Amino acid sequence: MASSATAARRPAARSAPWWRDPVRLAKPVVFLAALVPAGRLLHGVFVDPEALGANPAETIEHVTGDWALHFLLLTLAVTPLRRLTGWNGAIKFRRMLGLFAFFYGVLHMAAYVAFDMNLDAAAIVKDIWKRPFVTVGFASLLLMTPLAITSTRGWVLRLGGAAWSRLHQLVYPVAILGVVHYWWLVKRDITWPVIYGTVLAVLLGYRVWQRLRPRPARARAGA
Amino acid sequence: MPTPIPPIPPSEITPQATYLNRRSFLAAAAAAGVAGSAGDAAAASIADKLNAPRNPAYVVKDPPTARKLVTGYNNFYEFGTGKYDPMASADAMITRPWTIEIGGLVETPRTIGIEDILKMPLEERVYRLRCVEAWSMVIPWVGLEFNKLAALVNPTSAAKYVKFTSAVQKETMPGTRLNVIDWPYVEGLRIDEAMHPLTLLTVGLYGETLPNQNGAPVRIVVPWKYGFKSGKSIVKIEFVAEQPKSAWMKAIPGEYGFYSNVNPAVDHPRWSQKSERPLPALFASRQTEPFNGYAEQVASLYAGMDLKKNY
């Protein structure tokens, strides 16, 4: 995150005490809210199994998969939101949202490995190889891993801003593969995959439109 | 949200006594003539005790799955594609009056009312249920062998297959307004499969009439095949010469064949069928058995057939 650069440009932001900085106030709230789905699952597993329904393993896999996708789409919504509203504070939430996508993705994979595959390494490798929807889901999580690792300020400095940004464009294939994974696994009713696909198409389409529209206006604004 | 954490079914919240009282209240209301037809429809959806002794020849060594799981987690696409949808919305289905039209290649076609089926000698059988989605249950069904119903219409020797058609009630079945399946839901069996003593014309579970979400008032149960082969809420039975095209064969031909026998050696294109999850277990801890554990009784029906091709 480029918060130091932002602070340098806008020294007033640094001097605001935390209790008057809406972003710093909102961050822990967003963090706790993002943990609610995981908390409900943990409560289900250890305290109230009936809350997870007749097929608890399936509920855990679906809830974690859904939230991995939700957080991916929220992460991708940050830039359009910022451009359209001019609210730059949005960027301060992007890393947290992205890391929660990874967090739920890892839980999703862990549930599959434990509950569907009974921790059988050979069976897992075979399954990933053999079943396209598993292959793309696994690829999505795999590509997200370097993004999670290099999400710290230290890594931004080490890689340099331009290289870091290029690397983090991997989030686009990650999201596409995530939606394809969902699309390919449903049996017949594609309502929800279509909804996720549409949201993703709008978010990616916005970026394409930004690239393609006449540039001079933007260059002047940036100068 | 696509995956809500499942709601608690109303029957689990309501104390049993209150729940049962509802029935006597309805009965009283109907007797007093104030409930009218709405009262009758509601009363029909509430389970009645069935007189059906357990047949000791058909038991399973694993304990039966809890009733609330059996009645709370169903694939019944007429009520939506979610497995908690039928429990939530099947109450609206109208199950009285109910008739099954039995015809086709038979000597004495007839239409039989559910009351007449309920008067036939019923028995309880504990069967395994294996869903194609790799979960399983153990269910005490109540019914009679399908061949006893077939005997009433005298199928001719030209009848090679039996086609089962499920009800479509557009007003009460929200799923039938979607294009997910080419409604009505159709399933089929080869005549020898249909006449096999394991094939059960089913009217109840856990000693009571079928809850709507389990296929009230009458369904088929074929325990050695994946669950979707067992049509629910049957309104029409036809004896035919040609292999019927089932709803799932039409919907996804590459994934669902006519036979659909439980077979750990033939994977679903998108997941393994080697093991299964006996609900509500977290782990897929049970090894799936050929013909769902009924190989001794039914394997001979498929002698000489390549079951990898005839999936």
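Visitor: Which residues of helix 10 of chain A are buried?

Guide: A word on the source comes before the answer. This is a predicted model, in which local features need pLDDT of at least 70 and side-chain atom pairs count only at pLDDT 80 or more, while totals for chains, interfaces and linings use all residues. Residues are numbered from 1 along each chain as its sequence is written, and chains are lettered from A and ligands numbered from 1 in the order in which they are written. A residue is called buried if 20 or more other C-beta atoms, placed from the backbone, lie within 10 Å of its own, exposed if 12 or fewer do, and partly exposed in between. In helix 10 of chain A, the buried residues are Val174(A), Ala175(A), Leu177(A), Gly178(A), Val179(A), Val180(A), His181(A) and Tyr182(A).

Visitor: What covers the buried residues of helix 10 of chain A?

Guide: Helices (H or I, at least four residues) and strands (E, at least two) are DSSP runs, numbered from the N terminus, and two residues are in contact if their C-beta atoms, placed from the backbone, lie within 7 Å. The cover over these buried residues includes helix 4 (56-85), helix 7 (132-149) and helix 11 (191-212) of chain A.

Visitor: How many Å apart are the end C-alpha atoms of helix 10 of chain A, and what span should its residues give?

Guide: The expected span is 1.5 Å times one less than the number of residues. For the 15 residues of helix 10 (residues 171-185) of chain A this should come to 21 Å, and the end C-alpha atoms are indeed 21 Å apart, so the two agree.

Visitor: How many helices and strands does each chain have?

Guide: Chain A has 12 helices and 0 strands, whereas chain B comes to 10 helices and 12 strands. Buried residues make up 28% of the 223 residues in chain A and 38% of the 311 residues in chain B. If one takes the contacts with a separation of 6 or more, residues 24 or more positions apart account for 61% of them in chain A and for 69% of them in chain B.

Visitor: Which residues touch the most other members of the largest nonpolar core?

Guide: A nonpolar core is a set of buried Ala, Val, Leu, Ile, Met, Phe, Trp, Tyr and Cys residues joined through C-beta atoms within 7 Å. The largest one has 98 residues, of which Phe71(A), Leu72(A) and Ala101(A) touch the most other members. Leaving aside residues up to four places away in sequence, Phe71(A) touches Leu97(A), Phe100(A), Ala101(A) and Tyr104(A).

Visitor: In what order do the strands of the open sheet in chain B stand?

Guide: Two strands pair if DSSP finds at least two bridges between them. In chain B, 5 strands form an open sheet in the order 2-1-10-5-6, with mixed pairing. Its edge strands, each of which pairs on one side only, are strand 2 (110-113) and strand 6 (186-190) of chain B. Strand 1 (residues 99-104) and strand 10 (residues 234-240) of chain B pair in the parallel sense over 4 bridges, and the bridge partner of Gly104(B) in strand 10 is Phe239(B). Strand 5 (residues 161-166) and strand 6 of chain B, by contrast, run antiparallel and are joined by 5 bridges, with Lys163(B) standing opposite Gly188(B) in strand 6.

Visitor: How many residues of strand 6 of chain B are buried?

Guide: Strand 6 of chain B is mostly covered, with 4 of its 5 residues buried.

Visitor: Where are the cis peptide bonds that involve Pro97(B) and Pro280(B)?

Guide: One cis bond joins Arg96(B) and Pro97(B), with omega about -5°, and Pro97(B) is in the loop between helix 5 (85-89) and strand 1 of chain B. The bond from Leu279(B) to Pro280(B) is also cis, with omega near 5°, and Pro280(B) is found in the loop between strand 11 (275-278) and strand 12 (286-287) of chain B.

Visitor: Why does Asn154(B) count as exposed?

Guide: Asn154(B) is exposed because 12 other C-beta atoms lie within 10 Å. Although it is not a glycine, Asn154(B) has a positive phi of about 55°, and it lies in the loop between helix 7 (146-151) and strand 5 of chain B. Asn118(A), likewise not a glycine, has a positive phi of about 50°. Asn118(A) counts as partly exposed because 13 other C-beta atoms lie within 10 Å.
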